[in-house]
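Trainee: I should like to examine this model step by step. May I put my questions in order?

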Amino acid sequence: MKRVALLLDNTLTIDRRALLEVESLCSLDIELHLFCMQEKDFPETETRNNLFIHRIFTSEIYQFKNSNLLRSYSEEISKTKFAILHCHDRVMLRLGTI
């Protein structure tokens, strides 16, 4: 089973387009690791069947010049040993290139 990392610059609960995308990906024979924004009253990690949610991003993710923070996030994401990386929006593309 392929492991896919999906980078999302929101909490998933507020983005209907991203929610539909995640639902579609979950229907495939993959192990999906969703990296998204932290959200109050939600756990840092959560598992739903073949979906693994990692709420690691803070609002500082929008500070593109903070290369130390982006490198720290990229190291955390790399620990999943993914085969495919999907960057949901342009904000995540910078992180994905690191």
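**Core, rings and sheet**

Trainee: Which residues does isoleucine 77 touch, not counting residues up to four places away in sequence?

Mentor: This is a predicted model, in which local features need pLDDT of at least 70 and side-chain atom pairs pLDDT 80 or more, while totals for chains, interfaces and linings use all residues. Residues are numbered from 1 along each chain as its sequence is written, and side-chain values use heavy atoms, without hydrogens and water. With contact taken as heavy atoms within 4.5 Å, and residues up to four places away in sequence not counted, isoleucine 77 touches Ala5, Leu7, Phe35, Ile56, Phe57, Phe82 and Leu95.

Trainee: Which element gives the most to the largest nonpolar core?

Mentor: Such a core is a set of buried Ala, Val, Leu, Ile, Met, Phe, Trp, Tyr and Cys residues joined through side-chain atoms within 4.5 Å, where buried means under 20% relative accessible area (exposed over 50%, partly exposed in between; 1.4 Å probe, protein chains only). The largest has 15 residues, of which Leu7, Phe57, Ile61, Ile77, Met92 and Leu95 touch the most other members. Two or more residues come from each of β1, β2, β4, α2 and α3 (90–97), names that number DSSP runs from the N terminus (helices H or I, at least four residues; strands E, at least two). With four residues, the element that gives the most is α2.

Trainee: How many residues does the other core hold?

Mentor: This core lies apart from the largest one and includes Val4, Leu6, Val22 and Leu34. Its number of residues is 12.

Trainee: How is the aromatic pair of phenylalanine 57 and tyrosine 73 classed, and why?

Mentor: The structure holds one aromatic pair, which links phenylalanine 57 in strand β4 with tyrosine 73 in helix α2, 16 residues apart; phenylalanine 57 and tyrosine 73 are both buried. Rings of Phe, Tyr and Trp (its six-membered ring) pair with centres within 6.5 Å, and planes under 30 degrees apart count as stacked, over 60 as edge-to-face and the rest as tilted. Here the centres are 4.9 Å apart and the planes at 85°, so the pair is edge-to-face.

Trainee: Which strands stand at the edges of the sheet?

Mentor: The open sheet has five strands in the order β3-β4-β2-β1-β5, with mixed pairing; strands pair if DSSP finds at least two bridges between them. Each edge strand has a single partner, so one side of it is left without a neighbour in the sheet. The edge strands are β3 (45–48) and β5 (84–87).

Trainee: In β4, which residue is the bridge partner of phenylalanine 35?

Mentor: β1 (residues 2–7) and β2 (residues 30–37) are parallel over six bridges, with lysine 2 opposite isoleucine 30 and arginine 3 opposite glutamate 31. β2 is mostly covered, eight of its eight residues being buried. Six bridges also join β2 to β4, again in parallel. In β4, the partner of phenylalanine 35 is histidine 54.

Trainee: What distance separates the C-alpha atoms of leucine 6 and valine 91?

Mentor: Leucine 6 belongs to strand β1 and counts as buried because its relative accessibility is 2%. Not counting residues up to four places away in sequence, leucine 6 touches Glu21, Val22, Leu25, Leu32, His33, Leu34, Phe35, His86 and His88. Leucine 6 and valine 91 are 85 residues apart along the chain, and their C-alpha atoms are separated by 13 Å.
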